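Subject: Structure handover

Hello,

Please find the structure below, with the sequence. My notes on it follow.

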Amino acid sequence: MAKDLSIYVFTYKKPSFDIIEDETHIPVQVGAFCTKEDICKIKDDTLDNISEKNPLYSELTGLYWVWKNRKEGKYVGCEHYRRHFDLTEAEIKEILSNNEIILPRKCILNITSLEEFHRVCHNINDLKLCEDIIYDLYPEYKDSYEKYIKNSNLLYIANSFITTSENFNNLCNFLFSIFFEFERR
């Protein structure tokens with residue numbers, strides 16, 4: 001019988017404490033292509049993978065690996081080795097019975113918008129290229145982009161979430177179509 005819930009825990013180095021590993025939590029070593037360290041049984045440089053892109057994609061190489069290689073189940077989640085949801089499997093299923101996704105607590109940035117945050121902390125040209133790509137590939141999301149990137153200072157950090165398999169596949173199709181077009185351009 002397939003598991004209903006699998007939470008993939010991404011790590012790139014041996015933590016100073018044990019990685020949660022039970023029937024629900026599955027450790028995945030990200031950036032395995034870039035190192036000789038052997039941290040987990042599952043590595044993102046096996047099967048269908050983009051592990052060599054880890055210096056640019058960070059833990060998203062693990063997200064890609066899960067998307068392309070996991071066995072189907074009703075729910076899927078991603079966490080970091082030091083950032084976990086403090087929820088039981090029953091609590092997760094109860095929350096998801098009435099919600100589409102579980103996210104970490106939102107952060108309120110002490111800055112006017114996510115766009116301004118990107119301008120201060122990153123290369124704004126990267127965000128502008130992503131904006132162009134989203135407007136080209138997904139024009140129906142222009143209003144949402146304006147609302148959440150240009151006019152909001154709320155941020156969900158750590159690329160951690162738990163959702164349904166259908167939402168997970170939709171999210172990954174969306175994200176990686178943008179990322180790969182970003183690389184192409």
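To begin with the helices, α2 passes α7 in a left-handed crossing. Please keep in mind throughout that this is a predicted model. The axes of α2 and α7 come within 11 Å and cross at roughly 130°. With that angle, α2 counts as oblique to α7, because it falls neither over 145 degrees, where a pair is called roughly antiparallel, nor in the range of 65 to 115 that is called roughly perpendicular.

A second helix pair is α5 and α6. Their axes are 10 Å apart, and the angle between them is about 155°. The two helices are therefore roughly antiparallel to each other. Here the crossing is right-handed, as α5 passes α6.

Pockets

The helices above come up again in the largest pocket. It holds about 2500 Å³ of space, and 44 residues line it. Which residues lie nearest its centre? They are Ile149, Tyr156, Asn159, Leu175 and Phe179. Several elements give two or more residues to this lining: the helices are α1 (54-57), α2 (60-69), α4 (114-121), α5 (124-137), α6 (142-150) and α7 (165-184), and the strands are β7 (154-155) and β8 (161-164). Which element gives the most to the lining? That is α7, with nine residues. Sorted by class, the lining of the largest pocket has 29 nonpolar residues, ten polar ones and five charged ones.

The second largest pocket has a volume of about 190 Å³. Its lining is made by 13 residues, and those nearest the centre are Ser6, Tyr8, Ile26, Arg70 and Lys71. Two elements, β1 (5-11) and α2, give two or more residues to this lining. By class, the lining of the second largest pocket divides into six nonpolar, three polar and four charged residues. Helix α2 is thus listed for the largest pocket and also for the second largest.

Backbone

Most residues other than glycine have a negative phi. Two residues are worth looking up with that in mind.

One of them is Leu47, which is not a glycine but has a positive phi of about 50°. Leu47 is located in the loop between β3 (42-43) and α1. Is Leu47 buried or exposed? Its relative accessible area is 65%, so Leu47 is exposed, the cut-off for that word being over 50%.

The other is Asn159, again not a glycine and again with a positive phi of about 50°. Asn159 sits in the loop between β7 and β8. With a relative accessible area of 37%, Asn159 is partly exposed. This is also one of the residues nearest the centre of the largest pocket.

Single residues and distances

The remaining notes give the place of a residue, its exposure, and how far it is from a second residue. All distances here run from C-alpha to C-alpha.

Thr164 belongs to strand β8. Its relative accessibility is 22%, so Thr164 counts as partly exposed; the word buried is kept for values under 20%. Between Thr164 and Glu140 there are 23 Å in space, and the two are 24 residues apart in sequence.

Lys3 comes in the segment before β1. It is partly exposed, with a relative accessible area of 37%. A distance of 38 Å separates the C-alpha atoms of Lys3 and Leu127, which are 124 residues apart along the chain.

Leu114 is part of helix α4. Is Leu114 buried or exposed? Leu114 is buried, because its relative accessible area is 14%. In space, Leu114 and Phe85 are 24 Å apart, and in sequence they are 29 residues apart.

Leu96 lies in helix α3 (residues 89-98). Its relative accessible area is 7%, so Leu96 is buried. The C-alpha atoms of Leu96 and Thr35 are separated by 37 Å, and these residues are 61 apart along the chain.

Regards

Definitions and conventions
Residues are numbered from 1 along each chain as its sequence is written. This is a predicted model: local features need pLDDT of at least 70, side-chain atom pairs count only at pLDDT 80 or more; totals for chains, interfaces and linings use all residues. Side-chain values use heavy atoms; hydrogens and water are left out. On a 1 Å grid over the protein atoms alone, a cavity is a set of points where a 1.4 Å probe fits but cannot get out, and a pocket is an open set with protein on both sides within 12 Å along at least five of seven lines; lining residues have an atom within 4 Å of a point. Grid points are joined across faces, edges and corners, and a volume is the space filled by probe spheres set on the points. Helices (H or I, at least four residues) and strands (E, at least two) are DSSP runs, numbered from the N terminus. Ala, Val, Leu, Ile, Met, Phe, Trp, Tyr, Cys and Pro count as nonpolar, Asp, Glu, Lys and Arg as charged, and the others, Gly among them, as polar. Buried means under 20% relative accessible area, exposed over 50%, partly exposed in between (1.4 Å probe, protein chains only). Axes are lines fitted to C-alpha atoms, for helices over the stretch in contact, and angles run from 0 to 180 degrees between N-to-C directions. Angles under 35 degrees count as roughly parallel, over 145 as roughly antiparallel, 65 to 115 as roughly perpendicular and the rest as oblique. A crossing is left-handed if the near helix is turned anticlockwise from the far one by less than a right angle, and right-handed if clockwise.
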